[in-house]
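User: I have a protein open in front of me and would like to go through it with you. Could you start with a term I will need for the way helices cross?

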Amino acid sequence: NARDFMVDLADRVSVRIQLTTDGYAPYRNAVDMSFGNNVDFVRLVKLYASPHEAGPERRYSPAICTEARKVGVYGVPDPTHISTSHVESHNQKMRQHMRQFTRLTAGHSKKFTNHVNMVSLYTVWYNYARINSAVKISPAMASGLTDRLWDVGEIVELIDA
């Protein structure tokens, strides 16, 4: 999955990028296979404290991050842009908007195709029909992909088509 994700990403960009991943080990080989050394690549590896208690009340509590190590892999990454905060923030938004991404839920998709369709629908809504509070327009408008805010009816028409 990491390889497929990185191959897809590499196919979508035409310029050299800076890429920051977390410490998930498969990303290193996946980036190497997808980008070669044509990327400024760094891993942000977070270390967590072990919980003092192992009882059931600690099972669902988040671990405490004690250190974040920046491990350069390829190129010359700009230290001011080494971060996974943007994607972590977006992942939190996805969990808030879609029940499938909430821990310990029965709201999961039973078919992979349904899951892909749900994420696609969310992505179109998030980028075209929702105003981003930071820029006061939709992300698609800010990127120049559209000149207006879409409504949900237009998204439904796309699905029907």
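Analyst: A crossing is called left-handed if the near helix is turned anticlockwise from the far one by less than a right angle, and right-handed if the turn is clockwise. Helices here are DSSP runs of H or I with at least four residues, strands are runs of E with at least two, and both are numbered from the N terminus.

User: And what should I know about the model itself before we go on?

Analyst: This is a predicted model, in which local features need pLDDT of at least 70 and side-chain atom pairs count only at pLDDT 80 or more, while totals for chains, interfaces and linings use all residues. Residues are numbered from 1 along each chain as its sequence is written, and side-chain values use heavy atoms, with hydrogens and water left out.

User: OK, how many helices and strands are there in the protein?

Analyst: The protein has six helices and three strands, and along the sequence they follow the pattern α-β-α-β-β-α-α-α-α. Taken along the principal axes, the C-alpha atoms fill a box of roughly 50 × 45 × 35 Å.

User: What percentage of the residues count as buried?

Analyst: Of the 161 residues, 24% count as buried, where buried means under 20% relative accessible area, exposed means over 50%, and partly exposed lies in between (1.4 Å probe, protein chains only).

User: Back to crossings, then: at what angle do the axes of H3 and H4 cross?

Analyst: The two axes cross at roughly 115 degrees and come within 12 Å of each other; axes are lines fitted to C-alpha atoms, for helices over the stretch in contact, and the angles run from 0 to 180 degrees between N-to-C directions. H3 is therefore roughly perpendicular to H4, given that angles under 35 degrees count as roughly parallel, over 145 as roughly antiparallel, 65 to 115 as roughly perpendicular and the rest as oblique. As for the handedness, H3 passes H4 in a right-handed crossing.

User: New topic: how many aromatic pairs are there?

Analyst: Rings of Phe, Tyr and Trp (its six-membered ring) pair if their centres lie within 6.5 Å, and planes under 30 degrees apart count as stacked, over 60 as edge-to-face and the rest as tilted. By that rule there are five aromatic pairs. One of them joins Tyr122 and Trp125, which is tilted because the planes stand at 40 degrees, with the ring centres 5.8 Å apart.

User: Where are Tyr122 and Trp125 in the chain, and is Tyr122 buried or exposed?

Analyst: Both belong to helix H4 (residues 112–129), and because they are three residues apart there, about one helical turn separates them. Tyr122 is buried, at 6% relative accessibility, whereas Trp125 is partly exposed, at 26%.

User: Which way do the planes of Tyr128 and Trp150 lie, stacked or tilted?

Analyst: Their planes are at 40 degrees, so this pair is tilted, and the ring centres are 4.4 Å apart. The pair links distant parts of the chain, since Tyr128 is in helix H4 and Trp150 is in the loop between helix H5 (139–142) and helix H6 (152–160), 22 residues apart. Tyr128 counts as buried, at 19% relative accessibility.

User: What does Tyr126 do with Tyr122 and Trp125?

Analyst: Tyr122, Trp125 and Tyr126 form one aromatic cluster. Arg130 also lies over the face of Tyr126, at 4.1 Å from the ring centre; a charge sits over a ring if NZ of Lys or CZ of Arg is within 6 Å of the ring centre and within 35 degrees of the ring normal.

User: Now charges: how many salt bridges are there?

Analyst: The whole structure has six salt bridges, each being a side-chain nitrogen of Lys or Arg within 4 Å of a carboxyl oxygen of Asp or Glu. One of them joins Asp8 and Arg12 at 2.9 Å, N to O, and these residues, four apart in helix H1 (residues 2–12), are separated by about one helical turn. Asp8 is partly exposed at 34%, while Arg12 is exposed at 64%.

User: Which salt bridge partner does Arg16 have?

Analyst: Arg16 meets Asp40 at 3.0 Å, N to O, and this pair links distant parts of the chain, with Arg16 in the loop between H1 and strand S1 (18–21) and Asp40 in strand S2 (residues 40–48), 24 residues apart. Asp40 is buried at 15% relative accessibility, and Arg16 is partly exposed at 40%.

User: And which residue does Lys46 form a salt bridge with?

Analyst: Lys46 pairs with Glu88, the closest N and O atoms being 3.1 Å apart. Lys46 is in strand S2 and Glu88 in helix H3 (residues 85–97), 42 residues apart.
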